[in-house]
Amino acid sequence: MVYKAFGLTTKIPVKAFSYTPESTKPTVHEADNGSGSLLHREFCSKCGSGILEYGAAAANEFRYVMTGTLDDPSALPPKGEFFCVHREKWMPEVPGIFHKDKVKE
């Protein structure tokens, strides 16, 4: 399984998320995330940047939006860290939030 060093997403209710009218249709990729669950990811069709992701269990409720794509990322500071077991040695722990080695812990 391949792990990325880290990524910052913001959990947003599906009813609160929409693309702007000038946005192009995103490129969609769906695949097993390694646990037997289907993971849905959307990317900018022009530059390939990640926009959002969600698993099958969250499909009707939430979108995990890549924080860097928000107009004001500082408005939604992190509340927790997941997959800390894969944290790079050079990456410091974020203070004042919860930390989980795995999602279901």
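A salt bridge is here a side-chain nitrogen of Lys or Arg within 4 Å of a carboxyl oxygen of Asp or Glu. Under this rule, Glu81, Arg87 and Glu93 are linked in a network of salt bridges. The structure is a predicted model, in which local features need pLDDT of at least 70 and side-chain atom pairs count only at pLDDT 80 or more, while totals for chains, interfaces and linings use all residues. Residues are numbered from 1 along each chain as its sequence is written, and side-chain values use heavy atoms, with hydrogens and water left out.

**Salt bridges**

The count comes to three salt bridges, listed below.

| Salt bridge | Closest N and O atoms |
|---|---|
| Glu53 and Arg41 | 3.0 Å |
| Arg87 and Glu81 | 2.8 Å |
| Glu93 and Arg87 | 4.0 Å |

The pair of Glu53 and Arg41 links distant parts of the chain, with Glu53 in strand 4 (residues 50-55) and Arg41 in strand 3 (residues 38-43), 12 residues apart. Strands (E, at least two residues) are DSSP runs, numbered from the N terminus, as are helices (H or I, at least four residues).

For accessibility, buried means under 20% relative accessible area, exposed over 50%, and partly exposed in between (1.4 Å probe, protein chains only). Glu53 is buried at 16%, whereas Arg41 is partly exposed at 29%. In the network, Glu81 is buried at 13%, and Arg87 is partly exposed at 22%.

**Strand pairing**

Two strands pair if DSSP finds at least two bridges between them. Strand 2 (residues 27-32) runs antiparallel to strand 3, joined by six bridges. Arg41 of strand 3 has His29 opposite. The hairpin of strand 2 and strand 3 has five residues between the strands, and Gly34 there takes a positive phi near 100°.

Strand 3 also pairs with strand 4, in the antiparallel sense and over five bridges. Here Phe43 stands opposite Gly50 in strand 4. Six residues lie between the strands of this hairpin, where Gly48 takes a positive phi near 85°.

**Nonpolar surface patch**

Phe82, Phe83 and Phe98 make a nonpolar surface patch of about 300 Å². Patches consist of residues with over 30% relative accessible area and no salt bridge; like charges are joined within 9 Å, and nonpolar side chains (Val, Leu, Ile, Met, Phe, Trp, Tyr) within 5 Å. Accessible areas come from the Shrake-Rupley method with a 1.4 Å probe, and for residues only the protein chains shown count as cover. Phe83 lies in the loop between strand 6 (80-81) and strand 7 (98-99). Its relative accessible area is 46%, so Phe83 is partly exposed.
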